[in-house]
Amino acid sequence: MSVIGQIAEVEKRVKSCQNRIEDINKKLCREELDEEERKALDEERGKLEVTQQTQEGRLTSLRAENRKTMVVAVAVMILVYLIFSFFWQTVEGTGVDRGV
């Protein structure tokens, strides 16, 4: 899977965690829950928050990797352009007929 695909997948996971945490918070505030239900929801929220933080760290890492890849791609394109320009000027300077 490409880095961009991995980024999209991790973003979905983060969003999913955020949505579930919001749902749990709403449920804890709005509903009358017994102590056992409240404790279970608090534990689930805690696990989700840890998962979310882990995924956000992974997302940061993937984005950094994507930036590095982009920099390399741009550098290669510039290098190809410079090489092409050099050879074009060399061909122009020698007076070689290009058939135009």
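**Exercise 1.** In this predicted model, determine whether Arg 45 is buried or exposed, or falls in between, and state which residue pairs with Arg 45 in a salt bridge.

*Solution.* Begin with the cut-offs: buried means under 20% relative accessible area and exposed means over 50%, with partly exposed in between. Arg 45 has a relative accessible area of 22%, and is therefore partly exposed. Next, look for the partner, which is Asp 42, with the closest N and O atoms 2.8 Å apart. Asp 42 is likewise assigned to the partly exposed class, because its relative accessibility is 32%. Finally, consider the spacing: the two residues are three apart in helix α2, so that about one helical turn separates Asp 42 from Arg 45. The general background is that an α-helix has 3.6 residues a turn, so residues three or four places apart point the same way.

**Exercise 2.** Find which parts of the chain are tied together by the salt bridge of Arg 63 and Glu 11, and which parts are linked by the pair Glu 44 and Arg 20.

*Solution.* The total to keep in mind is four salt bridges. Take the side chains of Arg 63 and Glu 11, which meet with an N to O distance of 2.5 Å. Because Arg 63 lies in helix α2 and Glu 11 in helix α1, this pair ties together parts that are 52 residues apart in sequence. Arg 63 is partly exposed at 38% relative accessible area, and Glu 11 is partly exposed at 34%.

Turn then to Glu 44 and Arg 20, whose closest N and O atoms are 2.9 Å apart. This salt bridge links distant parts of the chain, since Glu 44 belongs to helix α2 and Arg 20 to helix α1, 24 residues apart. The relative accessibility is 29% for Glu 44, which counts as partly exposed, and 32% for Arg 20, which counts as partly exposed too.

**Exercise 3.** Compare the span of helix α1 with the expected value, and list its buried residues.

*Solution.* Helix α1 covers residues 3–30, a run of 28 residues. From its first C-alpha to its last it reaches 40 Å, close to the 40 Å expected at 1.5 Å a residue. Its buried residues are Val 3, Ile 7, Val 10, Val 14, Cys 17, Ile 21, Ile 24 and Leu 28.

**Exercise 4.** Identify the residues of the nonpolar surface patch, and place Ile 78 within the secondary structure.

*Solution.* The patch consists of Met 70, Val 71, Val 74, Ile 78, Tyr 81 and Leu 82, which together have about 610 Å² of accessible area. Ile 78 is found in helix α2 and, with a relative accessible area of 47%, is partly exposed.

Technical notes: Residues numbered from 1 in each chain as written. Predicted model: local features only at pLDDT ≥ 70, side-chain atom pairs only at ≥ 80, totals over all residues. Heavy atoms only, no water. Helix = DSSP H or I, 4+ residues; strand = E, 2+ residues; numbered from the N terminus. Expected span 1.5 Å × (residues − 1). Buried < 20%, exposed > 50% of the residue type's maximum accessible area, 1.4 Å probe, protein only. Patch = residues over 30% accessible without salt bridge, like charges linked within 9 Å, V, L, I, M, F, W, Y side chains within 5 Å. Areas by Shrake-Rupley, 256 points an atom, 1.4 Å probe, with all protein chains shown as cover.
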